[in-house]
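I opened this entry to record what I looked up in the model, working from the whole chain down to single residues.

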Amino acid sequence: MTESVAKRLLKTGSVRMKDCYSRWLDRYFDATIFLDFDETGKVQYRMEKGM
């Protein structure tokens with residue numbers, strides 16, 4: 001993740017990414033990464049493939 005992508009994620013709460021690589025599957029995919037906070041303020045990330 002580049003600095004500009006990280007800034008956009010912090011600003012908007014989500015970012016679309018192309019060509020993410022999975023070592024587990026040995027494949028590339030597109031995904032949307034979401035940034036959320038729980039009730040205690042802990043950061044939680046969520047990724048949805050193919051968005």
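**Surface and overall layout**

I noted that the protein exposes about 4,500 Å², with carbon and sulfur atoms supplying 52% of it. The model is a predicted one. I then looked up the extent of the C-alpha trace, which spans about 35 × 20 × 15 Å along its principal axes. Of the 51 residues, 25% count as buried.

For the secondary structure I recorded one helix and three strands, in the pattern α-β-β-β along the sequence. Among contacts with a separation of 6 or more, 11% are between residues 24 or more positions apart.

**Core**

Which residues make up the largest nonpolar core? I listed five: Val 5, Leu 9, Val 15, Ile 33 and Leu 35. Helix α1 (3-12) and strand β2 (27-37) each supply at least two residues of this core. I next examined Val 15; leaving aside residues up to four places away in sequence, Val 15 touches the core members Val 5, Leu 9 and Ile 33, and also Arg 8, Ala 31 and Thr 32.

**Single residues and the surface patch**

I checked Ser 22, which lies in strand β1 (residues 14-22). Ser 22 counts as buried because its relative accessibility is 14%, under the 20% limit. With the same sequence neighbours left out, Ser 22 touches Arg 27 and Phe 29.

I also looked up a nonpolar surface patch formed by Phe 37, Val 43 and Tyr 45, with about 350 Å² of accessible area together. Val 43 is in strand β3 (residues 43-49). At 37% relative accessibility, I entered Val 43 as partly exposed.

Note on methods:
Residues are numbered from 1 along each chain as its sequence is written. This is a predicted model: local features need pLDDT of at least 70, side-chain atom pairs count only at pLDDT 80 or more; totals for chains, interfaces and linings use all residues. Side-chain values use heavy atoms; hydrogens and water are left out. A nonpolar core is a set of buried Ala, Val, Leu, Ile, Met, Phe, Trp, Tyr and Cys residues joined through side-chain atoms within 4.5 Å. Buried means under 20% relative accessible area, exposed over 50%, partly exposed in between (1.4 Å probe, protein chains only). Helices (H or I, at least four residues) and strands (E, at least two) are DSSP runs, numbered from the N terminus. Contact means heavy atoms within 4.5 Å. Patches are made of residues with over 30% relative accessible area and no salt bridge: like charges are joined within 9 Å, nonpolar side chains (Val, Leu, Ile, Met, Phe, Trp, Tyr) within 5 Å. Accessible areas come from the Shrake-Rupley method with a 1.4 Å probe; for residues, only the protein chains shown count as cover. A salt bridge is a side-chain nitrogen of Lys or Arg within 4 Å of a carboxyl oxygen of Asp or Glu.
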